[in-house]
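Welcome! Please look at the structure below, and then work through the exercises that follow, one step at a time.

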Amino acid sequence: MTGEVPSDDLRLADSDRLHALNVLAEHYAAGRLSTQEFYDRSGEVAVARTLGAAGTLFRGLPGGVPLENVDGQVRVVAAGPEAIPAGPAEAELATLRSRGALVESLDWLIIGATLVAFLVLQLVVDWDHAWLVWPSLIVTLSIPRVVLRFSDDEEEIYEELKESDAAARKKRLRKAAERIRQLETGRDQDRN
């Protein structure tokens with residue numbers, strides 16, 4: 001007999017449980033868990049003593065268990081869970097978000113290039129009419145929208161989605177942080 005501990009029986013450290021709680025909080029913030037599911041699972045993770053006990057609490061969540069057995073040691077899995085659209089409506093929203101984010105990135109790139117062009121023309125070339133690059137933004141900012149067929153209505157929906165997602169995520173993260181503090185405080189009181 002080698003004396004090796006079976007994978008599911010490996011004992012967890014406080015830091016392992018805290019990492020698992022943070023990953024659950026990310027799933028909750030992403031909307032994969034209801035408030036009740038998050039409270040139930042986080043409570044169980046906080047008292048889990050073994051890798052096996054913690055592992056069952058991540059069933060059905062993308063990314064799997066955030067801890068693993070490596071050569072008889074519990075190790076943190078660094079990769080975060082990925083969002084997986086569940087159906088056609090979610091896929092359409094994911095596509096809209098992706099196109100919106102691309103248009104937004106291209107907008108900033110165009111604005112940055114325009115600023116650089118203005119500064120070069122004004123300061124390096126010393127051209128008196130360098131200000132003419134600024135009206136060109138009207139045309140250049142419309143190019144990504146035309147190429148990606150990103151309408152004004154879609155842009156409006158994208159902005160609303162972005163605000164809604166940010167507000168919902170902020171609310172869930174706040175609740176998750178409160179729950180983790182409650183669980184840590186409870187664990188600290190149990191030690192005293």
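**Exercise 1. The whole chain**

Among contacts in the chain between residues at least 6 apart in sequence, what percentage join residues at least 24 apart? Describe the chain's elements and surface as well.

*Solution.* This is a predicted model, where local features need pLDDT of at least 70 and side-chain atom pairs count only at pLDDT 80 or more, while totals for chains, interfaces and linings use all residues. Residues are numbered from 1 along each chain as its sequence is written, and side-chain values use heavy atoms, leaving out hydrogens and water.

Step 1: The percentage asked for is 67%, where contact means heavy atoms within 4.5 Å.

Step 2: The chain has seven helices and two strands, and their order from the N terminus is α-α-α-β-β-α-α-α-α. Helices (H or I, at least four residues) and strands (E, at least two) are DSSP runs, numbered from the N terminus.

Step 3: Of the 192 residues in the chain, 28% are buried. Buried means under 20% relative accessible area, exposed over 50%, and partly exposed in between (1.4 Å probe, protein chains only).

Step 4: About 12400 Å² of the chain is exposed, with 57% of it supplied by carbon and sulfur atoms. Such areas come from the Shrake-Rupley method with a 1.4 Å probe; for residues, only the protein chains shown count as cover.

**Exercise 2. D16 and the hairpin**

Which side chain of opposite charge is nearest to D16? Then follow the contacts of D16 to the strands.

*Solution.* Step 1: Find D16 in helix α1, residues 14-29.

Step 2: D16 is buried without a salt bridge, and the nearest side chain of opposite charge is R17, 6.7 Å away. Here Lys and Arg count as positive and Asp and Glu as negative, with His and the chain ends not counted. A salt bridge needs a side-chain nitrogen of Lys or Arg within 4 Å of a carboxyl oxygen of Asp or Glu.

Step 3: Neighbours within four places in sequence aside, D16 touches R11, L67 and V74.

Step 4: L67 has V76 in β2 as its bridge partner. Strands β1 (residues 67-70) and β2 (residues 73-76) pair in the antiparallel sense over four bridges; strands pair if DSSP finds at least two bridges between them.

Step 5: Two residues separate β1 and β2 in this hairpin, and D71 in the turn has a positive phi of about 55°.

**Exercise 3. Around two loops**

Is V125 buried or exposed? Compare what you find at D126 and R149.

*Solution.* Step 1: V125 sits in the loop between α4 (88-124) and α5 (137-140). V125 counts as exposed because its relative accessible area is 52%.

Step 2: V125 belongs to a nonpolar surface patch of about 1000 Å² accessible area together, whose members include L115, W127 and W134. Patches take residues with over 30% relative accessible area and no salt bridge, joining like charges within 9 Å and nonpolar side chains (Val, Leu, Ile, Met, Phe, Trp, Tyr) within 5 Å.

Step 3: D126, in the loop between α4 and α5, is not a glycine, yet has a positive phi of about 60°. D126 is exposed at 55% relative accessibility.

Step 4: R149 lies between α6 (142-147) and α7 (152-191). R149 also is not a glycine, and has a positive phi of about 50°; its relative accessibility is 71%, so R149 is exposed.

**Exercise 4. L106**

With which residues is L106 in contact, leaving aside its neighbours within four places in sequence?

*Solution.* Step 1: L106 lies in helix α4 and is partly exposed at 28% relative accessibility.

Step 2: The contacts are P144 and L148. The C-alpha atoms of L106 and P144 are 7.0 Å apart, although 38 residues separate them along the chain.
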